[in-house]
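I opened this model to see how its strands and helices pack. My notes follow in the order I looked things up.

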Amino acid sequence: MTRPADADARRAVPPVICYPTDTLPQADMALYTAARAKLTKTAEVTVPPRDARCFQVPAGHFFRITSVQGAQVGDLNLHNAHDLSERFYSGKTRALHGTHITTGERMWSSFPHLRPLATVTHDTLGWYGIDDFGGSVHDVIGTRCDPYTHTLLSDGGQYHHCCHSNLTRSLAAHMGLSRAEAEPLVHDVLNVFMCTGFTRDTGQYFMKASPVRPGDFIEFFAETDLLGNLSACPGGDCASGHSSDAARCHPLLVEIFAPAPGALDGWQSPAASRYDGTHGP
Ligand SMILES: [Zn+2]
């Protein structure tokens with residue numbers, strides 16, 4: 001290929017942020033901090049290794065995903081509990097908040113809603129930041145391990161406990177749907193506790209052993225009534241591989257908490273997008 005004479009000048013153009021967040025409605029973290037000062041646990045669900053479970057969170061409650069027993073990555077789907085077609089939109093969340101999310105950042109929903117489904121209110125791995133490889137924790141760049149990509153890359157291999165399949169079985173069982181009905185509702189995930197990035201030389205998606213340890217947790221405020229669906233990834237801590245039974249896997253604990261009484265007086269679930277929906281005359 002021919003390198004243009006002004007190649008260096010073109011490459012030296014500085015980047016601009018696609019979506020500056022100075023006009024993004026901010027989470028009222030002072031309100032959430034006050035509301036989480038005295039939490040009362042109302043439910044818990046244990047997600048078995050290489051499997052998934054659904055859980056319900058009322059708007060205004062908190063939910064916490066905790067590492068128990070050993071380092072383990074989780075793949076999280078979120079839906080509006082009253083309309084499963086409104087679901088977490090990982091691509092737009094990435095465009096707004098970057099490749100990984102932590103305290104104060106939000107999980108945004110699909111079009112035509114585009115509102116926060118959940119806000120991260122505590123992250124015990126918030127200290128990790130971005131490491132020397134460009135890796136960070138809780139990514140919105142991966143998708144979810146799935147049997148189709150596994151089959152593609154393994155010359156027809158069949159594996160039934162990828163996160164995509166776990167989430168499909170779990171949603172079908174929880175909602176009383178067939179697996180064929182549930183599968184199209186499964187969507188790209190928040191990779192809880194997963195440490196990932198893109199290699200600087202080839203731009204490839206990489207993972208490395210999660211820094212999570214038992215007792216670490218990430219906590220969310222439910223902005224709407226939520227249906228959550230969490231898979232304990234067959235990759236375990238994702239130090240080596242996934243899409244097989246080779247890695248050591250552990251359960252994940254999901255706990256639901258009610259806020260301090262009266263702490264959310266005056267708070268309302270965020271409204272859906274105010275775009276008029278006409279797409280022009
Ligand atoms: Zn997975």
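**Entry 1: β12 and its partners**

I started with the pairing of β2 and β12: six bridges join them, and the strands run antiparallel. This is a predicted model, so I read everything here as a prediction. Within that pair, I found Phe55 opposite Gly228 of β12.

Next I checked β4. Seven bridges join β4 to β12, again antiparallel. Asn80 has Leu226 in β12 as its bridge partner.

Is β12 mostly covered or mostly open? I counted it as mostly covered, with seven of its seven residues buried. I then sorted them by face. Leu226, Gly228, Leu230 and Ala232 are buried on one side. Leu227, Asn229 and Ser231 are buried on the other. Side chains in a regular strand alternate between the two faces of the sheet. In β12, both faces are covered.

**Entry 2: helix α5**

I moved to α5, which spans residues 163-175. The helix has 13 residues and reaches 18 Å from first C-alpha to last, close to the 18 Å expected at 1.5 Å a residue.

Which residues of α5 are buried? I noted Cys163, His164, Ser165, Asn166, Leu167, Thr168, Ser170 and Leu171. I then looked up what they pack against. The list holds three strands I had already visited, β2 (52-57), β4 (74-80) and β12 (226-232), together with α4 (147-153) and α6 (179-182). Just after α5, Gly176 takes a positive phi of about 70 degrees.

**Entry 3: Ala182 in α6**

I picked Ala182, which sits in helix α6. I call Ala182 buried because 21 other C-beta atoms lie within 10 Å, and the cut-off is 20 or more. Setting aside neighbours within four places in sequence, I found Ala182 in contact with Thr168, Leu171, Ala172, Met175 and Leu177. Thr168 and Leu171 were also on my list of buried α5 residues.

I also took one long distance. Ala182 and Pro25 are 157 residues apart in sequence, and their C-alpha atoms are 33 Å apart in space.

**Entry 4: helix α3**

I looked at α3 (residues 90-97) and found Ser90, Thr93 and His97 buried. They cover an arc of only 60 degrees around the axis, so they lie on the same side of α3. The spacing has a general background: an α-helix has 3.6 residues a turn, so residues three or four places apart point the same way.

What do the buried residues of α3 pack against? I found β6 (106-108) and β9 (190-198). Just after α3, Gly98 takes a positive phi of about 100 degrees.

**Entry 5: the six-stranded open sheet**

I traced the open sheet that holds β6. Its six strands run in the order β1-β13-β3-β11-β7-β6, with antiparallel pairing. The edge strands are β1 (40-47) and β6, each pairing on one side only. Neighbouring strands of this sheet are turned by 25 degrees against each other on average, direction ignored.

At the β6 edge, I counted three bridges to β7 (residues 116-123), antiparallel. Trp108 stands opposite Pro116 of β7 there.

**Entry 6: the β9 and β10 hairpin**

I went back to β9, the other strand under α3's buried residues. β9 pairs with β10 (residues 205-208) in the antiparallel sense over four bridges. Gly197 has Phe206 in β10 as its bridge partner. Six residues lie between the strands of this hairpin, and I noted a positive phi near 70 degrees at Gly203.

**Entry 7: Leu39**

I checked Leu39, in the loop between α2 (29-35) and β1. Leu39 has 18 C-beta neighbours inside 10 Å, so I file it as partly exposed. Leaving out neighbours within four places in sequence, I found Leu39 in contact with Phe62, Phe257, Ala258 and Pro259. Leu39 and Leu152 are 113 residues apart along the chain, with 46 Å between their C-alpha atoms.

**Entry 8: the whole chain**

I finished with totals. The chain has six helices and 13 strands. Of its 281 residues, 41% count as buried. Among contacts with a separation of 6 or more, 73% join residues 24 or more positions apart.

How does the radius of gyration compare with that of a compact globule? I have 20 Å for the chain, which agrees with the value near 19 Å for a compact globule of 281 residues. Along the principal axes, the C-alpha atoms fill a box of roughly 65 × 45 × 45 Å.

Terms used
Residues are numbered from 1 along each chain as its sequence is written. This is a predicted model: local features need pLDDT of at least 70, side-chain atom pairs count only at pLDDT 80 or more; totals for chains, interfaces and linings use all residues. Helices (H or I, at least four residues) and strands (E, at least two) are DSSP runs, numbered from the N terminus. The radius of gyration is taken over C-alpha atoms; the globule rule is 2.2 Å times the number of residues to the power 0.38. A residue is buried if 20 or more other C-beta atoms lie within 10 Å of its own, exposed if 12 or fewer, and partly exposed in between; C-beta atoms are placed from the backbone. Two residues are in contact if their C-beta atoms, placed from the backbone, lie within 7 Å. The expected span of a helix is 1.5 Å times one less than its number of residues. The arc is that of the directions from the helix axis to the C-beta atoms. Two strands pair if DSSP finds at least two bridges between them. Axes are lines fitted to C-alpha atoms, for helices over the stretch in contact, and angles run from 0 to 180 degrees between N-to-C directions.
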